[in-house]
Number of protein chains: 2
Amino acid sequence: MASLFSKHEALLQEACKALGERSFYTPYPEHHSAWGENGYKEGEKAFTQHLNRPFEDLMASGKGQLTSDEQSPWTLENLGIRYPKVSSDTLLEEAKAASKAWKQAGVEMRTGILIEVLERIKGRFFELAHATMHTSGQSFMMAFQASGPHASDRALEAVAQAFLEQNRYPETVRWEKPMGKFNVALDKTFRPVPKGIGLVIGCSTFPVWNSVPGIFANLAVGNPVIVKPHPGAILPIAMVVAELQKVLQEAGFSGHEVQLAPDNFDAPLTRELAEHPAVKLIDYTGGTSFGKYLESLPNKVLFTEKSGVNPVILDSVDDLKAVLQNLAFAVTLFSGQMCTAPQNFFIPKGGIKEGDQTIPYQEVVEKLRKSIEGLVKHPKLGPGTMAALQSNRTLDRVKESNALGAKVVLEAHAFRHSDYPKARTSSPTLLETQASEVDLFESELFGPIAVVVQTRDTHQSIELASQLAARQGALTCAAYTTDPDIERAIQEAMEEAFVGVSFNLTGYIWVNQAAAFSDFHVSGGNPAGNASFVNADYINRRMVWIGHRRLVS
Amino acid sequence: MASLFSKHEALLQEACKALGERSFYTPYPEHHSAWGENGYKEGEKAFTQHLNRPFEDLMASGKGQLTSDEQSPWTLENLGIRYPKVSSDTLLEEAKAASKAWKQAGVEMRTGILIEVLERIKGRFFELAHATMHTSGQSFMMAFQASGPHASDRALEAVAQAFLEQNRYPETVRWEKPMGKFNVALDKTFRPVPKGIGLVIGCSTFPVWNSVPGIFANLAVGNPVIVKPHPGAILPIAMVVAELQKVLQEAGFSGHEVQLAPDNFDAPLTRELAEHPAVKLIDYTGGTSFGKYLESLPNKVLFTEKSGVNPVILDSVDDLKAVLQNLAFAVTLFSGQMCTAPQNFFIPKGGIKEGDQTIPYQEVVEKLRKSIEGLVKHPKLGPGTMAALQSNRTLDRVKESNALGAKVVLEAHAFRHSDYPKARTSSPTLLETQASEVDLFESELFGPIAVVVQTRDTHQSIELASQLAARQGALTCAAYTTDPDIERAIQEAMEEAFVGVSFNLTGYIWVNQAAAFSDFHVSGGNPAGNASFVNADYINRRMVWIGHRRLVS
């Protein structure tokens, strides 16, 4: 099986190079048209065949079954899939039993296997897209990109970074210390030793994209993985785990190097697994309160992506219409159910400059409202952009936001998808408030909720954006200014809160997007999360460099 | 001042190369004879001039003074030095005020300044040696090496690793995404942003060696540092801080980028500083219980070196005499007051093989006893090797060890240094017990205390060594075996506990020693500490990579 490494070495080297250069790179074209004409239909069919029956592609140590709580946000029908149900103890025993051979397999073997898995997953992008649609509520196009090419990009990025880090030091070195009349000589060996069993806790809105980096990073350095998906979004990542197990078994490994631990809403498994002393590493995507509980567990290496309150700073623009169209899309896309979506729009009460003109504050707000409304009501673009709401909780949050005390500038409403008349939907709500009402916009309002915050001036906008990010976390910051001094001030202030800034985006690039191999997803430096996709820490904290020494006699 | 970088660039490049290759490297010869003939006397004189007067080389924001509790373990006289005393609030304000310019100075400027400081410190190695002797109790030779060349090696290693990590990604990149008919282009900038104010908490036995890596790593990436030395060992690191401040000021910086926070035994400052929200990073060397307290503090990036229970596994040897001489020295050196000194000697009850012969267990123990006794009683080598005990607490521990319940094979006793008749001294005590008495040898017995543990066989020795290391931590493991299968088993078992093994050391190399640029000091993977001198994590956890994006229009 060393041949799997040779087979994929060129791809690996390209990925490693891109990682260092941070330039544009993807081996997986993002648009589905590149992946075959009949893909959509075939993927839909393959997805449909999973419904209301046992999911048999996974290894199962036991005979238990779990009927999942998964429900399509598009049809509101239960998927009725029955997954193998294995006790935590058995999962941990199997992981432990698999760990030694996987550790000893070595870097090249593991790397080759993992890239082979990504090559196999390519053939199931359409099926993954449908599975993701009907668990997360994403549109087909987003589901295809997020769980297909973009997720595979991030997984490959993790594998490449792990390859680089594990080859950082020579395996052996002859060390000779001159002692005057003679030398003392030692033969030293350096080994990156995996830390132990990793638990990867998935989320419901991006069940593949947010989980594969942790899964692939752990496996790449030799840690066995237990994948605990969100009870509402199991199928997409179950497919990934099944592909991993298959290739691992073909390569002569047990397959238990990665296992699925599905659970139900009313009988969650996560705490039991997370608290078990055998679990050494935890990757977590989800809400802040459960994240804080995980942070309280002793002796765990924890990688988190929790929540953030992402600011938009509006100061001055060249073309207000282009700016507001870009922001309207960023807010509306997947009904704001992206951790990178903007929430708080800081606009000075004196208005903003467009070229030489000053656009009064009220006019900016009105134009923002119109931009969002225009997209929402666009019969061709609107529904597909907004897609469906993953959970009733998000729908409730939208309704409750009316009572937060802010002025409702644009009211949310349900809308109809022609193909899915029963879909759970909501257009965005746009609220408006004052800088002094910080309690109102301080926390994350996950879903299609945006808040215009009227500030004294841009300096107050910057101050609030930076302070909130430092206190509550932020994953992104969009800023619009044509003034180099203001630009510098924004960059410095947001660096204080460890948030990268996207300046003056218009057209076909949005603040929500982060490109693998180039953009870090989450900086790791503020309360939004301590992990960054994919930097050196993301790998190095999963392993320990051990040096052994032997006297040369 | 960019010229400081040019001035030292060749040295930096050598250091970076050695770091990657893990080969022998030192720009600072370890033996004092390389550093001038009159050095000893001049250093002693310079040290003496510090006594019983104010230490005036440091910047002082205020007029307060603190008379230190430092007492020479060699003379039992107080040093009577008065250090500038500054409140925690003022220290933190000064650090904050200095932080912006230091961050903006950039990597090359910071790197050049820090290497310049190391070049200046070279001229004070002898003075540092005397200051270290008379605070730690080390012998002159160890004090010279540990606070001089070896500490500077580790500091340079940190600076080199920080240089490499901060240059990992390009500063700017044009990112172009093909969109079919057109490209989306972004100009991206990548910046390693320092995390904030760092607190470095020193220890009494290695006041310079254990503190400079954290100090230099923080400064190298742009974090201001507050150095809180052990109240019993301030002078050596005060000298280092003074040299840093001097070069920083010459280079146009405030000098407050690094500050000393001395305190007294009865009015410790450490908690106040550590708990302050402005302190983002903590480097700590010291006991486990205070380390656990620090681990409990929220929102700190913590680097620890706590304590370890270092095992010796004796299975089979070529030359028992050479082995026991090596181990006797490792145990006796600086009276066991090294975190890397061996403590537990696991010896099978069936004895060990020497070539074709089996040496009975009792004989091995007796020979070990004799080896230690031989060194202790050696009039020329003994006293200098053992040096002095830093604290009365260590002396008490030696006495108390008689009552642990183990057989006392070799009793500790005070001994006399001809030049320092009042020195606080103790020869090592050698205890003997059974594998079943694990409570007795499970914890660190810091100081000149070694324990022979009789095991069923080598497999039990390995199991105990590995389990104790996993549970209590270990920094080193010495193993002696001529059997390749046993060697493999030891390596695997100790890797489970994340401890590197030194195999079959005899002659002029000891398990206690770790060479900068080649050996990692502490693996970071077991309870002995989470930091490793100096791996990538040691740098990367001190900064955050931030990417900004600008649309190319």
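Start by selecting strand β5 (residues 197-201) and strand β8 (residues 279-285) of chain A, which pair in the parallel sense over five bridges. Helices (H or I, at least four residues) and strands (E, at least two) are DSSP runs numbered from the N terminus, and two strands pair if DSSP finds at least two bridges between them. For one bridge to centre on, pick Leu199(A), whose partner in β8(A) is Ile282(A).

A word on what you have loaded: this is a predicted model, in which local features need pLDDT of at least 70 and side-chain atom pairs count only at pLDDT 80 or more, while totals for chains, interfaces and linings use all residues. Residues are numbered from 1 along each chain as its sequence is written, and chains are lettered from A and ligands numbered from 1 in the order in which they are written.

**The five-stranded sheet**

Now widen the selection to the whole sheet. Five strands make an open, parallel sheet in the order β7-β6-β5-β8-β9 of chain A. At its edges are β7 (258-260) and β9 (301-305) of chain A, each pairing on one side only. From one strand to the next, the twist averages 15°; angles run from 0 to 180 degrees between N-to-C directions, and axes are lines fitted to C-alpha atoms, for helices over the stretch in contact.

Next, add helix α8 (residues 212-221) of chain A, which packs on this sheet and touches β5, β6 (225-228), β7, β8 and β9 of chain A. Contact here asks that the C-beta atoms of two residues, placed from the backbone, lie within 7 Å. The direction of α8(A) makes about 170° with that of β6(A). Helix α9 (residues 235-250) of chain A packs on the sheet too, touching β6 and β7 of chain A, and its direction makes about 145° with that of β7(A).

**A glycine in α8**

Zoom in on Gly214(A), in helix α8 of chain A. Is Gly214(A) buried or exposed? It counts as buried, with 32 C-beta neighbours inside 10 Å. The cut-offs are 20 or more other C-beta atoms within 10 Å of its own for a buried residue and 12 or fewer for an exposed one, with partly exposed in between and C-beta atoms placed from the backbone. Leaving out residues up to four places away in sequence, Gly214(A) touches Val200(A), Asp283(A) and Phe303(A). Try a distance label as well: the C-alpha atoms of Gly214(A) and Ile539(A) are separated by 9.1 Å, though their positions lie 325 residues apart along the chain.

**Two domains and a second sheet**

Colour chain A by domain: domain 1 covers 2-306 and domain 2 covers 311-503, with bounds that come from an automatic or database domain assignment. Their centres, taken over C-alpha atoms, are separated by 33 Å. Where they meet, 14 residues of domain 1 of chain A are in contact with 14 residues of domain 2 of chain A.

Then select the three strands of another open sheet in chain A, in the order β11-β13-β14 with mixed pairing. β11 (316-317) and β14 (357-359) of chain A are at the edges with a single partner strand each, so one side of each has no neighbour in the sheet. Strand β13 (residues 352-354) of chain A pairs with β14(A) in the antiparallel sense over three bridges; look there for Glu354(A) opposite Gln357(A).

**Across to chain B**

Show both chains. The contact takes 51 residues from chain A and 51 residues from chain B. Which element gives the largest share of the side of chain A that touches chain B? That is β20(A), with eight residues. Two bridges join β20(A) to strand β19 (residues 501-503) of chain B, and these strands run parallel. Arg550(A) stands opposite Phe503(B) in β19(B).

For the symmetry, a rotation of 180° with 0.0 Å of shift along its axis superposes chain A on chain B (RMSD 0.0 Å); the least-squares fit uses C-alpha atoms of residues with pLDDT of at least 70 in both copies. The two copies are thus related as by a two-fold rotation axis. To locate the axis from chain A, select Asp537(A), whose C-alpha is the nearest to it, at 3.2 Å. The copies meet through the same surface, because 100% of the interface residues of chain A are also interface residues in chain B.
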